[in-house]
Amino acid sequence: MRRYLAVAVGLKAFSSCGPMRRAYRALGNQRGGRERACGRMPDYYLERVKEMLQLARTYGMAKDGGRVLELGTGWLHWEAVTMRLFFDVEAVLFDVWDNRQLLGMKNYLQQLRARLPEVKDVVSPSQLARAYDQIDVALGVAGFEELYRRFGFQYVIDGSGSLDQFPAESFDLVVSRGVLEHVGRDIASSLVENSVRILRPGGWALHSINIEDHLANYDSTVHRKFYLEFPEWLWKIIGQNEVQYINRLQRAEWVNIFLLSGLELADERGAKVDLNGLKLAARYRQMDREDLQHTFVRLLLKKQEAKALAKPQ
Ligand SMILES: C[S@@+](CC[C@H](N)C(=O)[O-])C[C@H]1O[C@@H](n2cnc3c(N)ncnc32)[C@H](O)[C@@H]1O
């Protein structure tokens with residue numbers, strides 16, 4: 001708990017001043033960059049690829065000729081790049097700031113190459129052969145611009161986070177991982193509505209949302225849903241900060257936002273923890289306890305097909 005509070009206060013101090021915030025981000029990015037460039041690829045990077053391939057096989061949400069928007073593409077463009085290994089998709093890689101790491105991406109792709117036999121049950125032999133070829137293309141590029149040219153990708157940074165620049169019904173899939181928990185709670189609904197606007201009828205949304213208390217990652221003595229104890233005013237003072245903002249939206253709230261935006265839930269996976277011992281703040285006492293147990297949720301949602309035009313009488 002002491003560590004949790006120390007980190008919370010430290011992040012608050014960094015986030016309160018622009019130059020310190022930028023310095024913190026630059027340092028964090030540098031350190032993470034070194035780890036990704038030289039370290040072992042965490043197993044969940046392979047799991048993400050396997051899950052995408054399984055969902056593609058079951059639902060067809062990733063397919064040749066598809067156009068994909070990766071929201072909050074981050075350091076490695078992992079969702080779009082790994083999809084492009086197996087499917088001939090075009091992608092727009094969208095973020096609010098540039099935190100790309102070419103060496104990290106290459107290091108993880110190199111390790112993914114060695115583990116490709118682990119996905120052979122969910123892809124065809126020709127897709128597997130294509131993945132080896134495409135990884136070799138990615139490993140050989142001199143920079144991100146060459147990668148985008150070879151893969152048919154476009155990298156877009158817009159600090160406002162607005163998707164207004166993209167035409168309606170211009171994508172087949174919007175995908176994000178570890179992003180939606182970081183968008184402002186007040187803009188979550190409008191961001192989702194805008195992401196649905198740019199989807200073609202029958203298009204898909206695939207979002208993985210990490211809804212655990214991110215500060216608990218720094219202190220193993222603290223419950224992974226500890227933030228549920230904080231009323232909003234206290235969270236604003238202690239937990240909320242600009243450098244690692246999380247919106248504390250819960251699974252049911254996300255599902256509600258997606259359904260109200262016109263999507264239908266097709267597939268879901270989650271992880272939960274027991275809430276025993278937590279004293280929930282009033283906002284969370286009103287919510288379904290089982291739903292609050294979620295630390296992670298992955299949702300696959302579908303935009304309705306265009307309704308057939310009614311025949312004139
Ligand atoms: C935890 S990182 C995850 C990066 C990447 N998706 C991954 O899994 O490696 C969160 C990312 O979301 C981006 N982000 C935060 N708010 C955003 C917004 N409103 N729109 C798009 N991206 C956003 C951040 O800049 C950051 O790159």
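Helices and strands are DSSP runs, counted from the N terminus, with at least four residues for a helix and at least two for a strand. On that basis, leucine 116 falls in the loop between α5 (102-114) and α6 (125-140). The model described here is predicted.

The protein holds 12 helices and seven strands. Its radius of gyration is 20 Å, close to the 20 Å that the globule rule gives for 313 residues, so the protein is as compact as a globular protein of that length. The C-alpha trace spans about 65 × 55 × 35 Å along the principal axes. Of the 313 residues, 34% are buried. Contacts often bridge distant parts of the sequence. Among those between residues at least 6 apart, 78% join residues at least 24 apart.

Several strands pair in the parallel sense. Strand β1 (residues 67-71) is mostly covered, with four of its five residues buried. Strand β1 pairs with β2 over five bridges, and the sense is parallel. Within this pairing, valine 68 has alanine 91 of β2 as its bridge partner. Between the two strands the chain passes through helix α4 (residues 78-86), and this β-α-β crossover from β1 to β2 is right-handed. Strand β1 also pairs with strand β4 (residues 171-177), again in the parallel sense, over four bridges. Here leucine 71 is matched with serine 176 in β4.

Strand β2 spans residues 90-95. Five of its six residues are buried, so strand β2 is largely enclosed by the rest of the structure. Strand β2 is joined to strand β3 (residues 153-157) by five bridges, and β2 and β3 run parallel. Phenylalanine 94 has valine 156 in β3 as its bridge partner. Strand β2 thus pairs with β1 and with β3, while β1 pairs with β2 and with β4.

Helix α4, the helix of the crossover, contains arginine 84. Is arginine 84 buried or exposed? Arginine 84 has 25 other C-beta atoms within 10 Å; the cut-off for a buried residue is 20 or more, so arginine 84 counts as buried. Leaving aside neighbours within four places in sequence, its contacts are Val89, Ala91, Gln134 and Phe151. One of these, Ala91, is also the bridge partner of valine 68. The C-alpha atom of arginine 84 lies 8.2 Å from that of alanine 131, although the two residues are 47 apart along the chain.

Alanine 131 also appears in the surroundings of leucine 116. Leucine 116 touches Leu128, Ala131 and Tyr132, with residues up to four places away in sequence not counted. Its C-alpha atom is separated by 9.7 Å from that of alanine 129, which is 13 residues away along the chain. Leucine 116 has 18 other C-beta atoms within 10 Å; this count falls between the limits of 12 or fewer for exposed and 20 or more for buried, so the residue is partly exposed.

The ligand has 18 residues around it. Gly72, Gly74, Gly161, Gly178 and Val179 come nearest. The shell around the ligand divides into nine nonpolar, seven polar and two charged residues.

Note on methods. Residues numbered from 1 in each chain as written. Predicted model: local features only at pLDDT ≥ 70, side-chain atom pairs only at ≥ 80, totals over all residues. Near = placed C-beta within 6 Å. Nonpolar A, V, L, I, M, F, W, Y, C, P; charged D, E, K, R; others polar. Rg over C-alpha atoms; globule rule 2.2 N^0.38 Å. Contact = placed C-beta atoms within 7 Å. Pairing = 2+ DSSP bridges. Right-handed = clockwise from strand over helix to strand, strands pointing away.
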